[in-house]
Amino acid sequence: MYIMLLGAPGVGKGTQAKKIMAKYGIPQISTGDILRNEVRLQTELGKLAKEVMERGELVPDEIILKMVEKRLQEPDCQKGFILDGFPRTIPQAEGLEEILQRMGNISLKVIEIYVPDEEIIRRLSARRICSKCGKDYNLIFNPPPADGKCEVCGGEIIQRDDDREETIRKRLEVYRKQTEPLVSYYQKKGNLYRVDGTRSIEEVFQEIERIIQS
Ligand code: AMP
């Protein structure tokens, strides 16, 4: 089962990816999570990525493609995976096609989740994450424990640097310019499914399941 979740930041890709992962036992490949981990570990890539991410811009395509290809070679990806936050540009989509060909002509179901901008800004301004394990919280939907410590690992719960309103606007602009063209790219290929992301997490998940099983 090979799935790609496409959509602006804050539409719920990560939330849905985790639900698919739990139900179908295939890993979530989030390039954002991989990059945030590199930043935490202060690797060379992490240092480069930190600045780009804080500006709300995109990490260069070649770096992302190498990172993803390496991750997809790991044993847990051989029966399927969920791409979350990748690809984000046409060159990344083209690079992905080559990677999938090398892996044995894998074909993907591309699921676009869409939500209006005002709702995205509301959701992202309320988003919080654990600084240690990355678990997602949201002041509106899923508030963190009162003591401000992660319920999974006890880590400190913080706001992502790129979830401040100014950076959110920049990220949305980058999405419209660089990532949204992928919608028609996959539409033309005939493997695009669209899901209204304003409904409840459960309703969105049910629709995704229908698509996965179709
Ligand atoms: P995300 O967690 O998916 O919202 O990603 C957070 C940030 O990481 C983005 O705003 C980008 O700066 C960077 N990033 C994540 N995935 C990619 C990607 N596929 N291509 C380029 N930059 C990325």
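In this predicted model, the count of salt bridges comes to 24, and I would like to go through a few of them before turning to the ligand.

Let me take Lys47 and Glu44 to begin with, which form a salt bridge whose closest N and O atoms are 3.7 Å apart. Both residues belong to helix 3, which covers residues 44-55, and because they are three residues apart in that helix, they are separated by about one helical turn. As for their surroundings, Lys47 counts as partly exposed, because its relative accessibility is 48%, whereas Glu44 has a relative accessible area of 63% and is therefore exposed.

Another pair is Arg176 and Glu180, where the closest N and O atoms of the salt bridge are 3.0 Å apart. Here Arg176 is partly exposed, with a relative accessible area of 33%, and Glu180, at 31% relative accessibility, counts as partly exposed too.

Now, please look at Arg171 and Asp163, whose side chains meet in a salt bridge with an N to O distance of 2.9 Å. Are these two residues, Arg171 and Asp163, buried or exposed? Both of them are buried, and they also take part in something wider, since a network of salt bridges links Arg127, Arg160, Asp162, Asp163 and Arg171.

That network brings me to the ligand, and two of its members will come up again there. From Arg160, an N or O atom in the side chain is 3.2 Å from an oxygen atom of the ligand, and from Arg171, a polar side-chain atom lies 3.3 Å from an oxygen atom of the ligand. So Arg171, on this reading, has the salt bridge with Asp163 on one hand, because a side-chain nitrogen within 4 Å of a carboxyl oxygen meets that cut-off, and the ligand contact on the other. A further arginine, Arg88, places a polar side-chain atom 3.1 Å from an oxygen atom of the ligand. Of the 480 Å² of accessible area that the ligand has on its own, the protein covers 96%.

What, then, surrounds the ligand? There are 16 residues around it, and the closest are Thr31, Arg36, Glu57, Gly85 and Gln92. If we sort this shell by class, we find six nonpolar, four polar and six charged residues. Which helix gives the most to the shell around the ligand? That is helix 2, residues 31-41, with four residues.

Let me move on to the backbone, where a few places deserve a careful look. A general remark may help: most residues other than glycine have a negative phi, and most peptide bonds are trans. Against that background, the bond joining Phe86 and Pro87 is a cis peptide bond, with omega at about -5 degrees. Pro87 itself is found in the loop between strand 3 (81-84) and helix 5 (90-102).

Two residues call for attention on account of phi. Gln42, which is not a glycine, has a positive phi, near 55 degrees, and its place is in the loop between helix 2 and helix 3. With a relative accessible area of 61%, Gln42 is exposed. Asn105 likewise is not a glycine and has a positive phi of about 55 degrees, and you will find it in the loop between helix 5 and strand 4 (109-114). At 60% relative accessibility, Asn105 counts as exposed.

On the surface, there is also a nonpolar patch, formed by Leu139, Ile140 and Phe141, which together have about 280 Å² of accessible area. Within this patch, Ile140 lies in the loop between strand 6 (136-138) and strand 7 (157-158). Why does Ile140 count as partly exposed? Because its relative accessibility is 40%, and partly exposed is the class between 20% and 50%.

Finally, a remark on a pair from distant parts of the sequence. Ile201 and Gly12 are 189 residues apart in sequence, and yet their C-alpha atoms are 8.0 Å apart in space. Ile201 has its place in helix 9, residues 201-213, and it is partly exposed, with a relative accessible area of 44%.

Key:
Residues are numbered from 1 along each chain as its sequence is written. This is a predicted model: local features need pLDDT of at least 70, side-chain atom pairs count only at pLDDT 80 or more; totals for chains, interfaces and linings use all residues. Side-chain values use heavy atoms; hydrogens and water are left out. A residue is near a molecule or strand if one of its heavy atoms lies within 4 Å of it. A polar contact is a pair of N or O atoms within 3.5 Å; within protein, one must be able to donate a hydrogen and the other to accept it, and residues adjacent in sequence count only if both atoms are side-chain atoms. Accessible areas come from the Shrake-Rupley method with a 1.4 Å probe; for residues, only the protein chains shown count as cover. Ala, Val, Leu, Ile, Met, Phe, Trp, Tyr, Cys and Pro count as nonpolar, Asp, Glu, Lys and Arg as charged, and the others, Gly among them, as polar. Patches are made of residues with over 30% relative accessible area and no salt bridge: like charges are joined within 9 Å, nonpolar side chains (Val, Leu, Ile, Met, Phe, Trp, Tyr) within 5 Å. Buried means under 20% relative accessible area, exposed over 50%, partly exposed in between (1.4 Å probe, protein chains only).
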